[in-house]
Amino acid sequence: MTAKEYLLRYKEAKNEITYTLEELEKMRTMITQVKAAQSDSERVKSSGSQDPLGDAIATLVMMEEEMCDKVSTMKEIKREIEYTLSQIKDSDLKNILCLRYLLDKSWEEIAITLNISYRHTTRLHGIALQKVDEIIKMS
């Protein structure tokens, strides 16, 4: 695994959580908009589920449990990355990686924050990735 792949795991985990949150919201909306059950005289007999609302709620609960697992995984990835970055001595290199991979800042935002040029930011980023490669290879 390259340093960039290693660091991008956090962003990927955050994206998975965002997607799951959207799905949870859709499911909650669907459940709250379920129409009242028809009376027995109007009910059409089918071989489907006898309790579609209960099934939907069970699915929602399962999705919420999966969300908790994904959040735990994301937190663990973040802790691991923070530990790796803590081993970098140069504060500019460390800050570039934190801003880019943990705070999802653009190169322009990073350059402004660190008061350095865009070009110098990307050059330092390359050096920082080499440091991370060395650290993860020693682990």
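1. A residue is called buried here when its relative accessible area is under 20%, and Thr121, with a relative accessible area of 0%, is therefore buried. This residue is found in helix α5 of what is a predicted model, and the points below should be taken in that light.

2. On confidence, the mean pLDDT of the chain is 89, with 88% of the residues reaching 70 or more. The stretch to treat with caution is residues 36–41, over which pLDDT stays under 50 and for which the model has 2 contacts beyond four places in sequence. Where pLDDT is low, the predicted coordinates should not be read in detail.

3. As to the overall architecture, the chain has 5 helices and 0 strands, so that the pattern read along the sequence is α-α-α-α-α. Buried residues account for 28% of the 139 residues, while the exposed area of the chain is about 9700 Å², of which carbon and sulfur atoms supply 53%. Of the contacts between residues at least 6 apart in sequence, 70% join residues at least 24 apart.

4. The largest nonpolar core has 33 residues, and those with the most contacts inside it are Leu7, Ile81, Leu85, Ile88, Leu97 and Val132. Two or more residues are given to this core by each of α1 (3–32), α2 (52–86), α3 (91–102), α4 (107–114) and α5 (118–138), and the largest share, 9 residues, comes from α1. Leu97 may serve as an example: not counting residues up to four places away in sequence, Leu97 touches Leu7, Leu85, Ile88, Leu102, His125, Ala128, Leu129 and Val132.

5. Helix α4 deserves a separate look. Its buried residues are Trp107, Ile110, Ala111 and Leu114, and these lie on the same side of α4 because they cover an arc of only 100 degrees around the axis. An α-helix has 3.6 residues a turn, so residues three or four places apart point the same way. The buried residues of α4 pack against α3 and α5, whereas Ile112 and Thr113, on the other side of the helix, are exposed. After α4 comes Asn115, whose phi is positive, near 60 degrees.

6. To return to Thr121, a polar atom of its side chain lies 2.8 Å from the backbone oxygen of Ser117. Leaving aside neighbours within four places in sequence, Thr121 is in contact with Ile96, Trp107, Ile110, Ala111 and Ile116; among these partners, Trp107, Ile110 and Ala111 are buried residues of α4.

7. His125, which is also found in helix α5, has a relative accessible area of 6% and is buried. Beyond the neighbours within four places in sequence, its contacts are with Lys4, Ile96, Leu97, Tyr101 and Trp107.

8. Finally, Ala3 lies in helix α1 and is buried, with a relative accessible area of 1%. Although Ala3 and Ala128 are 125 residues apart along the chain, their C-alpha atoms are separated by 9.1 Å. Leaving aside neighbours within four places in sequence, Ala3 is in contact with Leu129, Val132, Asp133 and Ile136, and of these partners Val132 is one of the residues with the most contacts inside the largest nonpolar core.

Terms used:
Residues are numbered from 1 along each chain as its sequence is written. This is a predicted model: local features need pLDDT of at least 70, side-chain atom pairs count only at pLDDT 80 or more; totals for chains, interfaces and linings use all residues. Side-chain values use heavy atoms; hydrogens and water are left out. Helices (H or I, at least four residues) and strands (E, at least two) are DSSP runs, numbered from the N terminus. Buried means under 20% relative accessible area, exposed over 50%, partly exposed in between (1.4 Å probe, protein chains only). Contact means heavy atoms within 4.5 Å. Accessible areas come from the Shrake-Rupley method with a 1.4 Å probe; for residues, only the protein chains shown count as cover. pLDDT is the predictor's confidence in each residue, from 0 to 100. A nonpolar core is a set of buried Ala, Val, Leu, Ile, Met, Phe, Trp, Tyr and Cys residues joined through side-chain atoms within 4.5 Å. The arc is that of the directions from the helix axis to the C-beta atoms. A polar contact is a pair of N or O atoms within 3.5 Å; within protein, one must be able to donate a hydrogen and the other to accept it, and residues adjacent in sequence count only if both atoms are side-chain atoms.
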